[in-house]
Amino acid sequence: MNDNSSFSIAEQLIKDILSQDDIVLTVSSGSAICEAKAEKGMQLRILENWATIGDENRPWHIHLNVSEIAEARFVKEKGHENKMNCSVRFADSKGEYKMRAYFTNIYSASGELDNEKLARYEALFAKYGRRESIPLKVA
């Protein structure tokens with residue numbers, strides 16, 4: 001059994017993400033991708049190597065093997081219609097993404113950037129030292 005303190009950075013980052021509005025979590029497994037809209041304040045618990053995001057009694061939840069997650073990456077990139085996408089991506093030691101948290105609805109219906117919503121992503125980025133890559137393994 002692993003000591004959950006070795007996952008404390010990952011746990012805090014996921015909790016910080018789940019404290020936000022307008023988050024979509026994606027999990028990919030080969031040829032399938034699951035997208036789930038997170039509810040602000042969703043439950044997170046870690047037991048041994050596994051994080052459970054959400055409540056198993058609700059319509060969906062995610063199990064994430066945190067022992068395989070080596071880093072989190074803060075990513076801002078141009079997406080559809082040249083609009084900015086903001087996300088936090090959780091990668092294994094090979095750099096393969098296991099889960100992504102997208103900050104959605106950062107543009108209004110008229111296509112204008114919502115600076116308040118962008119500021120929430122930027123605040124989280126600042127909290128973690130404005131580093132694009134955060135190691136999640138504690139030695």
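Helix α2 covers residues 115-127, and a little arithmetic lets us check it in this predicted model. At 1.5 Å a residue, its 13 residues should span 18 Å, and the C-alpha atoms at its two ends are indeed 18 Å apart, so expectation and model agree.

Now look around the helix. Leu118, Tyr121, Glu122, Leu124 and Phe125 are buried in α2. These residues cover an arc of only 155 degrees around the axis, which means that they lie on the same side of the helix. Turn to the face that points away from this buried side, and you will find the exposed residues Glu116 and Lys127. What covers the buried residues? The cover includes α1 (8-18), β6 (71-78), β7 (84-91) and β8.

The two ends of α2 are worth a visit too. At its start, a side-chain oxygen of Asp114 comes to within 3.1 Å of the backbone nitrogen of Glu116. Just past the helix, Gly129 has a positive phi of about 85 degrees.

From here we can step into the interior. The largest nonpolar core contains 35 residues, and Leu13, Phe74, Val88 and Phe90 have the most contacts inside it. Helix α1 is the biggest contributor to this core, giving five residues. Follow Phe74 for a moment: leaving aside residues up to four places away in sequence, Phe74 touches Leu13 and Val88, and its other contacts include Tyr121, Leu124 and Phe125. Those last three are among the buried residues of α2 that we met earlier.

Next comes Glu71, which sits in strand β6. Is Glu71 buried or exposed? Its relative accessibility is 16%, and the cut-off for buried is under 20%, so Glu71 counts as buried. Its side chain has a partner: a polar contact of 2.2 Å links it to the side chain of Ser133. Setting aside residues up to four places away in sequence, Glu71 also touches Arg89, Phe90 and Ala91, as well as Ile134, Pro135 and Leu136.

Finally, let us look at some strands. Strand β1 (residues 23-29) and strand β2 (residues 32-38) run antiparallel and are joined by seven bridges. In this pairing, Ile23 stands opposite Ala38. The two strands make a hairpin with two residues between them, and Gly30 in the turn has a positive phi of about 70 degrees. Strand β1 also pairs with strand β8 (residues 97-103), again in the antiparallel sense, over five bridges. Here Leu25 has Ala101 of β8 as its bridge partner. Strand β8 brings us back to where we began, as it is part of what covers the buried residues of α2.

Key
Residues are numbered from 1 along each chain as its sequence is written. This is a predicted model: local features need pLDDT of at least 70, side-chain atom pairs count only at pLDDT 80 or more; totals for chains, interfaces and linings use all residues. Side-chain values use heavy atoms; hydrogens and water are left out. Two strands pair if DSSP finds at least two bridges between them. Helices (H or I, at least four residues) and strands (E, at least two) are DSSP runs, numbered from the N terminus. The expected span of a helix is 1.5 Å times one less than its number of residues. Buried means under 20% relative accessible area, exposed over 50%, partly exposed in between (1.4 Å probe, protein chains only). The arc is that of the directions from the helix axis to the C-beta atoms. Contact means heavy atoms within 4.5 Å. A polar contact is a pair of N or O atoms within 3.5 Å; within protein, one must be able to donate a hydrogen and the other to accept it, and residues adjacent in sequence count only if both atoms are side-chain atoms. A nonpolar core is a set of buried Ala, Val, Leu, Ile, Met, Phe, Trp, Tyr and Cys residues joined through side-chain atoms within 4.5 Å.
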